[in-house]
Amino acid sequence: MSTQIEQKETETEEQETEPEVESPGERRRAAKRQRLAEEEAQRVAEEETLDDDETVHLKVFRYDPEVEGKQEPRFDDFAVPYHKGMTVLDALIYARDRYDSSLTFRHSCRQAVCGSDALFVNGRQRLGCKTQLSALEDPVRIEPLPHQEVVKDLVVDMEHFYDQMEAVEPFFDADELPEDDLEEQRQSRENREKVKMSTRCIWCGACMSSCNIAAGDNEYLGPAAINKAYRFAMDEREGEDRKQERLRIIEQEHGVWRCQTQFSCTEVCPKDIPLTEHIQALKRESVKNNLKFW
Amino acid sequence: MYEHDVIVVGAGGAGLRAAIAAHEEGADVALVTKLHPVRSHTGAAEGGINAALQEGDSWDLHAYDTMKGSDYLGDAPAIDTFAKTAPEEVIQLEHWGMPFSREDDGRVSQRPFGGLSYPRTTYAGAETGHHLLHTMYEQAVKRGIEVYDEWYVTNLAVTDHDDPEDRECHGCVAYDIKSGKIEGFRAKGGVILATGGLGQAFDHTTNAVANTGDGCAMAYRAGVPMEDMEMIQFHPTTLPSTGVLISEGVRGEGGILYNDNEERLMFEYGYANNDGELASRDVVSRSELTEVNEGRGIEDEYVHLDMRHLGEERILDRLENILHLAEDFEGVDGLDEPMPVKPGQHYAMGGVETDENGETCIEGLYAAGETACVSLHGANRLGGNALPELLVFGARAGYHAAGKDMKAAEIDTGPSAKSEAGDVHPPVEPGAVDAGSEDVAADGAAVEPKAVIENAVEYERRRVDTLLESDGVNHAEVRAEVQETMTANVNVFREEDGLEQALRDIRQARVDYEDVAVADPSRTYNTDLIHTIETRNILDVAEAITLGALAREEFRGAHWRAEHQERKDDEWIKHTMLAWNDGTPELYYKPVILEGDEQTYEPKVRSY
Ligand SMILES: Cc1cc2nc3c(=O)[nH]c(=O)nc-3n(C[C@H](O)[C@H](O)[C@H](O)COP(=O)(O)OP(=O)(O)OC[C@H]3O[C@@H](n4cnc5c(N)ncnc54)[C@H](O)[C@@H]3O)c2cc1C
Ligand code: SF4
Ligand code: FES
């Protein structure tokens, strides 16, 4: 037991050097800088950008367990005419509607809120609807999310992801509610700010798919579920007892301590949620909590 | 066959609220939904939820604004119930942990919105719907409510009595998208349709790809009338390339609309001298299109929405999400450049006719949310009124289906509520053609619940087999035909010739649909099949919208007619009703109720 505590304390120390939470403006400027840099690098690499009459080449992963001839995974090529502003999802829809109506992928909102079209595009987890083709190298390679069972083509089985989300008891459970049905529970602005980023998760599963630990340990709760736990554990309106229970859930063997701070989840999250930071914060809470009992 | 007390079809805001209510009432309830609940389109709502929470505001002011906004096509019993119940529903969400934006004292913030006489819109940043949807799903998980996700409901199991008002709904048929299995669902208490919007009838819409009007079309074919279908709201600020919505919040905070000559069009051309950019949605939409039509649009397509002058700090504080949308979907940085915007289909004010308890004229069949028309929004919905609607009426439908004793409804439904026959002479005989038509009520004179469901399941299995086995046209072509003609002819501006052209095109699409076939032979996750069935629903709702628009010879709210440039109160304060009638739509009217329990509304001129 004591070794474990030691280990936790080291983790805590490492934390001190972590940067402070950035303001949205800084985050946005950083993201923009990064995007411009990426685009520039690509321009240099290609010496030209896409024009409206050009063609984008897609290499799309195909697999159907049922249909003969499609049971062996393969890649199909599609040539899609490009127009400005076109996204990976637009290109997939074009290919499906014009060339092969059996091409299968999930999508719905086209605006990065439903979380259904997380894909592995040119070697990275991204939302198809939010990824401009102009930001990618040609040919564009589109695969299902890694580390999840493929149902068909680009569709993966999300059950495991949902199970992990539900394992952290993802629902608000206030200690006591105001007596009057028309009176709200007060929450300070600071506290809302603290949990704000964590409430943005759209359950796309990109983070889980990018995580090496989750890939090796099927029981690991994973970044999205831990972030969900953070959302409630840090909400001042839930009482101390509930918080204890929440910490017990995330402290378990396959919980926060599995995270090795590799930041891959944080890098791919399309909602810019500082996942690693949230996991670290819960580690800190958990240490503080355990110290109380010593 | 699966059995539950209450089956809720659809798990967006309306479906989740209904399921939670039914569960509270002690019912065994299941959600059957084609998308996982958190993928529902409620998650896309940005602006906010209206409720009279503060001292100085009151439910009757909210009701009055809603009636005025509706251009006097809303029903007073619905509007009053809505405005009275919205506050407790919103606070309940807060008690469920919804992360609302807060004031310094820790109370929820409220902001001004178009058409409201008091700043009564509660919100959570510019992503209110996301938080509402997730908060409610969390509560459903907490209660252990059963969810059949990625199950597509294709049909209702309804008895086949001649008169729709004698029919009973015993359940529905659904298709497991992952495995291809088709199964019956029996509901002892009732089926609640909460399938959301129908934006996919148009090719430029803020709606998700899944919003194909399934609930409307299924209820319609089962015999429930569709109400006020012509009343489609177009939102003035959508991104031209995708239809992604730029919230009214931008104009609320002071965003300005410019034309190609860099003129502030709402003032320069006097479209709305008092309210300018904050005039109601229909007014702003028409102004923008007038600019484009008169050659002052940018690239002949759109206008500019500028928020740069608001300053980075304010934008990041209140409109951060808008920056991401403009950046990701249009490649525009809203801090450095104006954003391109044009009107897009946004919301269906009409839908499945229900009473204030959410019930339709078919016993045991309910509808709530955007798919329903209890007649709250009339000819024009106020921003921020759809989310409280799905809370209030979703909950009522859930309680009622679960057996709670509720006050008898004041709103009459079904063909017997008819006041007069409709008069429209479409250029072609509307209605279904063979392959598209289907006996929605069970074959034979089945009335025993299990037999009704089994028949319906049999029917669906045959339909799917046929679609998978035959060769023919791809649904995408048919869908595109409908979407294009709707956007060209049944848009913000409507002219008689165009409406008739749309009807001819829809009729042609129906003929083409007779030869539709699914190329993908697989039963596993066959989206080709799903989209093919959805396209059938799009045909029915598109036809209803167009017929309604052709019939209504006046200018009211969102419904603009070139030939009829005035609101004709003497003749047209009535609801357009459309009944399926074995595939030949029957048009009739039902009176609008302007007299509520406590207050009576006098039509006033809308001015800006
Ligand atoms: C971009 C946007 C912004 C908006 N902003 C606001 C706002 O700020 N304030 C406001 O008040 N309103 C707003 N609205 C309107 C409001 O969000 C919607 O009217 C409302 O969310 C609809 O909710 P719903 O539950 O009826 O449908 P949805 O949330 O669309 O849910 C429909 C459900 O039905 C399921 N379904 C559909 N067909 C089937 C089938 N055949 N079988 C099984 N399941 C099916 C789907 O899976 C889904 O779960 C906005 C709308 C849009 C599009
Ligand atoms: S945390 Fe981010 S990457 Fe992970 S599921 Fe949520 S939105 Fe997706
Ligand atoms: S389609 Fe909804 S997140 Fe991309």
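**Exercise 1.** In what order do the three strands of the open sheet in chain B lie, and is the pairing parallel or antiparallel?

*Solution.* The model is a predicted one. Step 1: the order of the open sheet in chain B is E3-E5-E4, with antiparallel pairing. Step 2: strand E3 (49-50) and strand E4 (110-111) of chain B are the edge strands, since each pairs on one side only. Step 3: two bridges join E4(B) to strand E5 (residues 121-122) of chain B, in the antiparallel sense. Step 4: opposite B:Gln110 stands B:Thr122, a residue of E5(B).

**Exercise 2.** Determine how many residues surround ligand 2 and how they divide by class.

*Solution.* Step 1: ligand 2 is surrounded by 13 residues. Step 2: the closest of them are A:Cys201, A:Cys204, A:Gly205, A:Cys207 and A:Cys269. Step 3: by class, the shell around ligand 2 holds 12 nonpolar residues, one polar residue and no charged residue.

**Exercise 3.** Characterise the interface of chain A and chain B, beginning with its residues and buried area.

*Solution.* Step 1: chain A contributes 67 residues to the contact and chain B contributes 76 residues. Step 2: the two chains bury about 5800 Å² between them, and 47% of this lies on carbon and sulfur atoms. Step 3: 11 salt bridges are counted between chain A and chain B. One salt bridge links B:Glu94 with A:Arg237, whose closest N and O atoms are 3.4 Å apart. Step 4: elements supplying at least two residues each to the side of chain A that touches chain B include helix H2 (24-46) and strand E6 (150-152) of chain A. H2(A) gives the most, with six residues. Step 5: this side of chain A has 25 nonpolar, 13 polar and 29 charged residues.

Notes. Residues are numbered from 1 along each chain as its sequence is written. Chains are lettered from A and ligands numbered from 1 in the order in which they are written. This is a predicted model: local features need pLDDT of at least 70, side-chain atom pairs count only at pLDDT 80 or more; totals for chains, interfaces and linings use all residues. Side-chain values use heavy atoms; hydrogens and water are left out. Two strands pair if DSSP finds at least two bridges between them. Helices (H or I, at least four residues) and strands (E, at least two) are DSSP runs, numbered from the N terminus. A residue is near a molecule or strand if one of its heavy atoms lies within 4 Å of it. Ala, Val, Leu, Ile, Met, Phe, Trp, Tyr, Cys and Pro count as nonpolar, Asp, Glu, Lys and Arg as charged, and the others, Gly among them, as polar. Contact means heavy atoms within 4.5 Å. Buried area is the accessible area (1.4 Å probe) that two parts lose on being put together, summed over both. A salt bridge is a side-chain nitrogen of Lys or Arg within 4 Å of a carboxyl oxygen of Asp or Glu.
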